[in-house]
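Please look at the sequence and the structure shown here, and then follow the questions about its rings and its core.

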Amino acid sequence: MGSREFLLYYFLTGILAGIFSFFVYLFTGSMVFLMGASGALFAIQLAFAVFFPRRIIYIWGILPLQANILVLGVTGIQIISMLSARGSNVAHITHLAGFAFGWLYFMMRFGIDPWKAMRR
């Protein structure tokens, strides 16, 4: 990806995820304080899984999972948490927006379908 491309990816996905979340929370009347770079970090997880889908990551240092399975699993947990945890003070929408904007970035900028890349 390279340093410049990585910085563009990181900042663009993080900023877009934050803006998207801000407007979702504004229009739904939710009072959530947005801070940090969690949307961008979810986008980076996606990028790692796209470039290295079979790489093994150890959860708690003992449970081995492939990067693609781990990232899709964490994203699934975020979806379930968003739908079930009202008032949890965690911006699940920001995490999912970062993932979605990362997905769009790969499709538009690189012409890579992340789903196909993670399945290879």
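Q: Is Phe48 buried, partly exposed or exposed?
A: This is a predicted model, in which local features need pLDDT of at least 70, side-chain atom pairs count only at pLDDT 80 or more, and totals for chains, interfaces and linings use all residues. Residues are numbered from 1 along each chain as its sequence is written, and side-chain values use heavy atoms, with hydrogens and water left out. Buried means under 20% relative accessible area and exposed over 50%, with partly exposed in between (1.4 Å probe, protein chains only). The relative accessible area of Phe48 is 30%, so Phe48 is partly exposed.

Q: Which residue lies over the face of Phe52?
A: Phe52 has a relative accessible area of 36% and is therefore partly exposed. A charge sits over a ring if NZ of Lys or CZ of Arg is within 6 Å of the ring centre and within 35 degrees of the ring normal. At 4.7 Å from the ring centre of Phe52, the residue over its face is Arg55.

Q: Which helix supplies the largest share of the largest nonpolar core?
A: A nonpolar core is a set of buried Ala, Val, Leu, Ile, Met, Phe, Trp, Tyr and Cys residues joined through side-chain atoms within 4.5 Å. The largest one has 12 residues, among them Tyr9, Leu46, Phe99 and Met118. Helix H2 (38–51), H4 and helix H5 (114–119) each supply at least two of these residues, where helices (H or I, at least four residues) are DSSP runs numbered from the N terminus. Five residues, the largest share of this core, come from H2.

Methods. Helices (H or I, at least four residues) and strands (E, at least two) are DSSP runs, numbered from the N terminus.
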